[in-house]
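Here are my notes from going through this one, written as numbered points. Have the structure open while you read.

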Amino acid sequence: STGATSYRVEVSTKDNFPPGQIIKGETTSGTSTTVSGLSNQTAYYWRVSASNSTGTSDWSEVRNFTVASATTTSAEEIGDAIPSEFRLSQNYPNPFNPSTTIEFSLPKSSYVKVLIYNTLGHLIHTLVDEILRPGIYRKPWVATGVASGVYFYRIQADGFVETKRLVLVK
């Protein structure tokens, strides 16, 4: 919204947003937010209002979405080895078309996010967003509907953050 300095976002399992049914209620200065812990095959409703120094807008029209699968971000665990440190490996192949594989290691159970960004820093895809036990994991990324170019993938896990570059050539 033009002139907005912050947004209030609500996500609920009910389209009238009753107390106790709001999954996420957040005020942010950004134009995107992440909602985790959603259930498979469940409909969710969301709305947003904009604020600036002169006041707050009414709520937007209520929109909805349904989570297609709770396992869409699940990473494949490789073997039984427990690594000694957090690690993010270089994707392979790189450059790639249309898919590549990203591997990472966790020495302990952690809430893990692996995110794909474009060169402007905009989030393109959430590859992993879940709690994983210690181990070595691999997750493919199929870059359908994404233009050729340089992208970055980033892992966030228990205070560990690392970013690497990947190249999509079509």
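1. Start with Glu-77: its place is opposite Tyr-137, a residue of β11. The strands β6 and β11 are antiparallel and are joined by three bridges. Bear in mind here, and in everything below, that this is a predicted model.

2. Zooming out, β6 and β11 belong to an open sheet of four strands, ordered β6-β11-β8-β7, with antiparallel pairing. Which strands stand at the edges? They are β6 (76-78) and β7 (87-88); each has a single partner strand, so each has one side with no neighbour in the sheet.

3. Now the core. The largest nonpolar core counts 24 residues. If you want to find it in the viewer, pick the residues with the most contacts inside it: Phe-104, Leu-106, Val-112, Val-128, Leu-132 and Trp-141. Two or more residues each come from β8 (99-106), β9 (110-118), β10 (123-132), β11 (135-142), β12 (149-157) and β13 (160-168). The top contributor is β12, with four residues. Note that β8 and β11 turn up in this list as well as in the open sheet of point 2.

4. On to charges: the salt bridge count is three. Take Arg-47 and Glu-10, whose closest N and O atoms lie 2.7 Å apart. This pair connects distant parts of the chain, with Arg-47 in strand β3 (residues 43-52), Glu-10 in strand β1 (residues 6-12), and the two positions 37 residues apart. Are these two residues buried or exposed? Arg-47 and Glu-10 are both buried, so each has under 20% relative accessible area. If you are setting up charges, this is the pair I'd look up by name: Arg-47 with Glu-10.

5. Asp-158 and Lys-108 make another of the salt bridges, again with 2.7 Å between the closest N and O atoms. Here the partners sit in loops: Asp-158 in the one between β12 and β13, Lys-108 in the one between β8 and β9, 50 residues apart. How accessible is each partner? Asp-158 has 46% relative accessibility, so it counts as partly exposed. Lys-108, at 41% relative accessible area, is partly exposed too.

6. The remaining pair to mention is Glu-162 with Lys-164, where the closest N and O atoms are 3.4 Å apart. Glu-162 is partly exposed, because its relative accessible area is 24% and buried would need under 20%.

Note on methods:
Residues numbered from 1 in each chain as written. Predicted model: local features only at pLDDT ≥ 70, side-chain atom pairs only at ≥ 80, totals over all residues. Heavy atoms only, no water. Core = buried A, V, L, I, M, F, W, Y, C linked by side-chain atoms within 4.5 Å. Buried < 20%, exposed > 50% of the residue type's maximum accessible area, 1.4 Å probe, protein only. Pairing = 2+ DSSP bridges. Salt bridge = Lys/Arg side-chain N within 4 Å of Asp/Glu carboxyl O.
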